Amino acid sequence: MEELLFFWQHLPGRLSPVLLEFGSFQVRYYSLMYLIAFTLTYLLAGYRIRDEKHPYDMETIQDIMIWMILGLILGGRLGYVLFYNCDYYLQHPWEVFLPFDFSQGIRFVGISGMSFHGGALGALAAAIIFCRRRGLDFWRLADLFCPAIPLGYTFGRIGNFINGELYGRPTEVPWGMYFPLDQEGLLRHPSQLYEAFGEGILLFAVLWFLRKRSPADGFLLATYLMGYGLVRFFIEFYRQPDAQIGYLWGFLTMGQVLCLIMIGGGAGIMLYRKAKR
């Protein structure tokens with residue numbers, strides 16, 4: 001039993017973030033998780049079109065997914081810059097998209113940092129623009145995708161876990177873990193796995209159950225925003241705050257503040273669509 005507990009606690013240190021390596025070229029599990037997430041979303045949206053007779057073809061789904069993926073990546077990066085590390089990037093603006101440090105010659109530093117909330121805003125903005133260009137109903141198309149998105153997001157959090165990043169706060173619970181990137185070397189909550197279950201599997205189950213019971217277009221989008229915000233808000237109590245920000249007002253994290261805004265946005269959409277019925 002003690003050997004099993006030791007293995008579990010040190011599991012993150014045994015997981016290599018690199019799946020394949022060819023010289024200096026690496027294929028990382030985190031990148032693979034993104035591909036799995038996008039593929040699952042595409043397949044589930046396609047299933048809904050066939051099973052539920054939505055008025056779209058797969059070519060439209062492919063086109064909007066390209067727009068949404070680009071919006072997600074751009075929004076996720078800009079969201080991290082603005083929400084989590086604005087002061088640093090004001091002093092190093094080239095590092096927002098260019099992975100180089102020019103302070104001492106030219107040194108590759110890599111691009112790190114993505115924000116879920118920024119990615120969500122980027123994907124929503126891209127979908128709105130796409131629907132306006134194609135003359136499509138945004139609310140109906142958003143409701144097509146929303147039940148599928150959380151299951152894909154599960155794999156993104158598993159990628160965070162394999163990377164050993166975004167770990168939880170110190171704990172003494174039996175399922176706590178040691179993460180190699182934690183310079184303090186403390187036993188911590190595996191908050192990435194909490195998020196994979198809560199924001200991913202649990203939210204997917206709820207939205208998938210409701211997908212044929214939506215009272216109005218936009219209902220599933222609103223439910224997704226409120227559901228994700230609510231689950232993430234509580235899980236943030238177990239997640240280590242970003243070191244460069246810490247706690248806001250002494251007890252809230254930046255993620256929790258953004259989740260409260262997200263919940264408010266979802267509630268606003270719900271009321272707006274109800275008034276339009």
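Select L166 to begin. At 32% relative accessibility L166 counts as partly exposed, where buried means under 20% relative accessible area, exposed over 50% and partly exposed in between (1.4 Å probe, protein chains only). L166 lies in the loop between α8 (149–163) and α9 (191–210). Helices (H or I, at least four residues) and strands (E, at least two) are DSSP runs, numbered from the N terminus. Display the backbone torsions here: phi of L166 is near 55°, a positive value in a residue other than glycine.

Before the next stop, some notes on the model. This is a predicted model, in which local features need pLDDT of at least 70 and side-chain atom pairs count only at pLDDT 80 or more, while totals for chains, interfaces and linings use all residues. Residues are numbered from 1 along each chain as its sequence is written, and side-chain values use heavy atoms, with hydrogens and water left out.

**From L166 to S191**

Select S191, in helix α9. S191 is buried, with a relative accessible area of 0%. Contact means heavy atoms within 4.5 Å. With neighbours within four places in sequence set aside, S191 is in contact with L166, Y167 and G168, and also with I235, Y238 and R239. L166, the starting point of the tour, is thus one of the residues in contact with S191.

**Two aromatic residues in the α8–α9 loop**

Go next to F179, which is placed in the loop between α8 and α9. F179 has a relative accessible area of 3% and is buried. Not counting residues up to four places away in sequence, F179 touches P12, F161, G164, Y167, R188, H189, P190 and Q192. Draw a C-alpha distance from F179 to H10: the two are 169 residues apart in sequence and 7.3 Å apart in space.

Now select W175, also found in the loop between α8 and α9. Is W175 buried or partly exposed? At 42% relative accessibility, W175 counts as partly exposed. Residues touched by W175, leaving out those up to four places away in sequence, are W8, H189, P190 and Y194. H189 and P190 also appear among the residues that F179 touches. For a long distance, pick the C-alpha atoms of W175 and G71, which are 104 residues apart along the chain and separated by 37 Å.

**K53**

Move to the loop between α3 (29–52) and α4 (58–84), where K53 is found. K53 is not a glycine, yet has a positive phi of about 60°. K53 is exposed, with a relative accessible area of 67%.

**L248**

Select L248 in the loop between α10 (219–235) and α11 (254–276). Apart from neighbours within four places in sequence, L248 is in contact with T253, M254 and V257. A C-alpha to C-alpha distance from L248 to G164 gives 25 Å for residues 84 apart in sequence.

**Cysteines**

Show the cysteine sulfur atoms. A disulfide is a pair of cysteine sulfur atoms within 2.5 Å, and by this rule the count comes to 0 disulfides. Why does C86 have no bond to the closest cysteine sulfur? The sulfur of C86 is 20 Å from the one in C259, which is too far for a bond. C146 is in no disulfide either, the nearest cysteine sulfur being that of C131, 12 Å away. C86 counts as partly exposed at 29% relative accessibility, whereas C146 counts as buried at 4%.

**The whole chain**

Zoom out and colour by secondary structure: the chain has 11 helices and 4 strands. The C-alpha atoms fill a box of roughly 55 × 50 × 45 Å, taken along the principal axes. The radius of gyration is taken over C-alpha atoms, and the globule rule is 2.2 Å times the number of residues to the power 0.38. With 277 residues, a compact globule would have a radius of gyration near 19 Å, and the 20 Å of the chain agrees.

Colour by accessibility next. Of the 277 residues, 45% count as buried. On a contact map, residues 24 or more positions apart account for 66% of the contacts with a separation of 6 or more.

End with the charges: select Lys and Arg as positive and Asp and Glu as negative, with His and the chain ends not counted. The place of a charge is NZ of Lys, CZ of Arg, CG of Asp or CD of Glu. The mean positions of the 23 positive and 22 negative charges are 11 Å apart.
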